2 protein chains.
Amino acid sequence: MTPLDTLKKYMTDEALSFVYIDNPDTIAYLTGFHSTPHERVLALLITSDFTQLLVPKLEETEASSYDAIDKVTGYKDEENPWTILKEIVKYDGLFSSIGIESDYLVVDRYHQLTSLFPDASFTSLTSYLQDMKVIKTSEEIIKMKEAGRLADEALRVGMDALSTGISEQEVVAVIEFEMKKLGVKEMSFDTMVLFGDHAASPHGTPGERLLQSGEFVLFDLGVVYNGYTSDVTRTVSYGDPSPEQKELYSIVLSAQKKAQAAVKPGITAGELDSAARQLITESGYGDYFTHRLGHGLGRSVHEYPNIAPGVTVPIQTGMCFSIEPGIYIEGKAGIRIEDCLVVTEEGADPFTQTTKELIILPVKD
Amino acid sequence: MTPLDTLKKYMTDEALSFVYIDNPDTIAYLTGFHSTPHERVLALLITSDFTQLLVPKLEETEASSYDAIDKVTGYKDEENPWTILKEIVKYDGLFSSIGIESDYLVVDRYHQLTSLFPDASFTSLTSYLQDMKVIKTSEEIIKMKEAGRLADEALRVGMDALSTGISEQEVVAVIEFEMKKLGVKEMSFDTMVLFGDHAASPHGTPGERLLQSGEFVLFDLGVVYNGYTSDVTRTVSYGDPSPEQKELYSIVLSAQKKAQAAVKPGITAGELDSAARQLITESGYGDYFTHRLGHGLGRSVHEYPNIAPGVTVPIQTGMCFSIEPGIYIEGKAGIRIEDCLVVTEEGADPFTQTTKELIILPVKD
């Protein structure tokens, strides 16, 4: 069964009159059609036997080519999409319950729906869809592996670009240029290249800082391939590292490997986090690992579940998430190592293959 | 008064207990601090005399450097931000009304707030903030002019890159590479470069199509400069255009110029749309101008107001928006010409200066 068929069966079981979905990622997940409508309404309306898409006129032709959608209704900018919506779902005054994605639907649109269908109750599909999306199909995994392969390629390009005096922003430019030439249309997020202690902010922004010999370089990047994201982090040494840099690196590496080796069906997300966190804490750097261990990914680069302290979600085969411990010492260093992976019966199958052992790059003046 | 001071005065006038804002663009607009928290909670909590930011621990240091924020509270991934929120707003059981952005706040978070503050009512700040944001300050306009200047530069790079056999995607890569080298960290949206009849879809995606002599090339692009966006479209001829291409171009150009010349305080958005639409309709192509004339822009590339048929919003000095008529004929051609501008007492002051007369580029084999 396709995800859409599964959802339709669930709707029948739960006696939902219809489902309203306006999250473009969910629409793409269920139908294959992806569009970013900005402030315009793009809504998938599903009854147990019919799937309709309400779409800005601009996108009508494109949307009509997707088989999963039974009918596409385009509206012009001067038309009111809510009036049209009420017509196309054939409201008979007897709608009992309407399914919504309550973690995406905004209050204004929710109030539109409550006033269009005053007698209906609303059922959140957030966790149902989350549970459905979190287990990736083999088709999805093939795309994520290709996205991972391209991320490995991007890392290679980035490492090749390093030379004394180049700026972080220039390295970003080279990476994204080469990816575009390989046919990548979109990066998963703004490519991050940070030199030396600039990497001590886990969410730092690449800037004009110039590379010097003996600095660590942190790359955090990913690409979108056929709608699916990758995400990888490597920290490499440009020139010879100091003993302290090597020591910090080896702690992060051990933590990353330990958590990745612990991945198996049945362990909880919190236990994975704790595998890495405990090692870093015992090495004396617990206060410098300032974020969760990882996050799910798929069509979005951040998805359910959180791999964080205390999270009791059990890991299952087909889940895809990141394992990315780090140590951040202000004014000194930022080191993070990240693979994303799919869970199999045997454990973790990572999407990225770039070595995690410390890479020491020759200085190019 | 800063926008934040204006909002605080409004809160006092409206007797709001506090304001909850989690739209990163609005937070940046009010405080200068910009961050994309993905699924994490990033919330600005404003009382009439105190401005607090609840922020993921990762961003605490960065956020603390903004003077407009009186207090920054970082929370760890394993902490519940809603519990902390309730503490920091010092709920005394007597909150009367809470201001929210109902066009951004999602239902799940709204329900969090309604359950944390069960006696409070909720007031939508959507139109108030919209009206405040829509009139740009001189500081904002300076940034938007620079973003426009860089967009002109990007067009120049794109035109220089054209040669027979190059793909759309390669031209995109060259443009974004050169922009990154100029220090641009982010484009306003995915750069669009479309050849010949591929431009007939107003929301087309650049691909592997190769440029041929005699084709029109449509560029639609923009950059983000200090948080502010630009957006410009030009359609140029690669080699000599046919008489029909010239004819279509001149209709779109006349429509664009006519609407831009009509810009003045007091005219409505709908009247501007109709100035362009009427001209295109009288030329026999009304059915091929399939979208609104334009949209507001600022921190976001699509903002209030809509410049569309029937919109009665009166144009005021300080508003910034696009004027972008187009003609799209499937299998044949897509032509669009767009400037974004700020409204002054005298009329329209455009952010982009690239000529709108038909540019005929020499063929490079």
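Which residue lies over the face of B:F289, and at what distance from the ring centre? In this predicted model, the panels below start with that ring and work outwards.

**Figure 1. Arginine over phenylalanine, in chain B and in chain A.** The residue over the face of B:F289 is B:R277, at 4.0 Å from the ring centre. Chain A has its own version of this view: the charged end of A:R277 sits over the ring of A:F289, 4.0 Å from its centre. Keep A:R277 in mind, since its side chain also turns up in the next panel, in a polar contact with A:D273.

**Figure 2. A:D273 and its surroundings.** A:D273 is part of helix α10 of chain A, which runs over residues 269–282. With a relative accessible area of 1%, A:D273 is buried. Its side chain joins that of A:R277 through a polar contact of 2.7 Å. Leaving aside residues up to four places away in sequence, A:D273 touches A:R292, A:L293, A:I307, A:A308 and A:P309. One of these, A:R292, has a salt bridge with B:E39 as well, at 3.0 Å from N to O.

**Figure 3. An edge-to-face pair in chain A.** Over all chains, the structure holds 19 aromatic pairs. The one shown here brings A:F33 and A:Y66 together edge-to-face, 5.5 Å centre to centre and with 65° between the planes. A:F33 sits in the loop between α2 (24–31) and β2 (43–47), and A:Y66 in the loop between α3 (60–63) and β4 (71–75), so the pair ties together parts of chain A that are 33 residues apart in sequence. How buried or exposed are the two partners, A:F33 and A:Y66? A:F33 is buried, at 1% relative accessible area, whereas A:Y66 counts as partly exposed at 24%.

**Figure 4. Two F177 rings stacked across the chains.** A:F177 and B:F177 make a stacked aromatic pair, with centres 4.5 Å apart and 25° between the planes. A:F177 lies in helix α8 (residues 168–181) of chain A and B:F177 in helix α8 (residues 168–181) of chain B, so this pair joins two chains. Both A:F177 and B:F177 are buried.

**Figure 5. The chain A and chain B interface.** Chain B brings 45 residues to the contact and chain A brings 44 residues. About 4,000 Å² is buried between the two chains, and carbon and sulfur atoms give 58% of that area. On the chain B side, B:L58, B:V107 and B:K180 supply 15% of the area that chain B buries against chain A, more than any other three residues. As for polar features, the count is four salt bridges between the chains, among them the one between B:E39 and A:R292. There are also 17 residue pairs in polar contact across the interface. Two elements of chain B, α5 (107–116) and α8, give two or more residues to the side that touches chain A. Of the elements there, α8(B) gives the most, with eight residues.

**Figure 6. A buried salt bridge in chain A.** The structure holds 42 salt bridges over all chains. In this one, A:D339 pairs with A:K356, and the closest N and O atoms are 2.9 Å apart. A:D339 belongs to strand β17 (residues 339–344), while A:K356 is in the loop between β18 (347–350) and β19 (360–361), 17 residues apart. Both ends are on the buried side of the cut-off: A:D339 has a relative accessible area of 2%, and A:K356 has 14%.

**Figure 7. Two salt bridges from helix α9 of chain B.** B:E244 and B:K332 meet through their side chains in a salt bridge, 3.0 Å from N to O. B:E244 lies in helix α9 (residues 243–262) and B:K332 in the loop between β15 (326–329) and β16 (333–336), so the pair ties together parts of chain B that are 88 residues apart in sequence. B:E244 is partly exposed at 37% relative accessibility, and B:K332 is partly exposed too, at 45%. The other salt bridge in this view is B:K257 with B:E357, the closest N and O atoms being 2.8 Å apart. Here B:K257 is in helix α9 and B:E357 in the loop between β18 (347–350) and β19 (360–361), 100 residues apart. B:K257 is partly exposed, with a relative accessible area of 39%, and B:E357 counts as partly exposed at 42%.

Key. Residues numbered from 1 in each chain as written. Chains lettered and ligands numbered in written order. Predicted model: local features only at pLDDT ≥ 70, side-chain atom pairs only at ≥ 80, totals over all residues. Heavy atoms only, no water. Phe/Tyr/Trp six-rings, centres within 6.5 Å; stacked < 30°, edge-to-face > 60°. Helix = DSSP H or I, 4+ residues; strand = E, 2+ residues; numbered from the N terminus. Buried < 20%, exposed > 50% of the residue type's maximum accessible area, 1.4 Å probe, protein only. Lys NZ or Arg CZ within 6 Å of the ring centre and 35° of its normal. Contact = heavy atoms within 4.5 Å. Buried area = accessible area lost by both parts, 1.4 Å probe. Polar contact = N/O pair within 3.5 Å; in protein donor to acceptor, adjacent residues only side chain to side chain.
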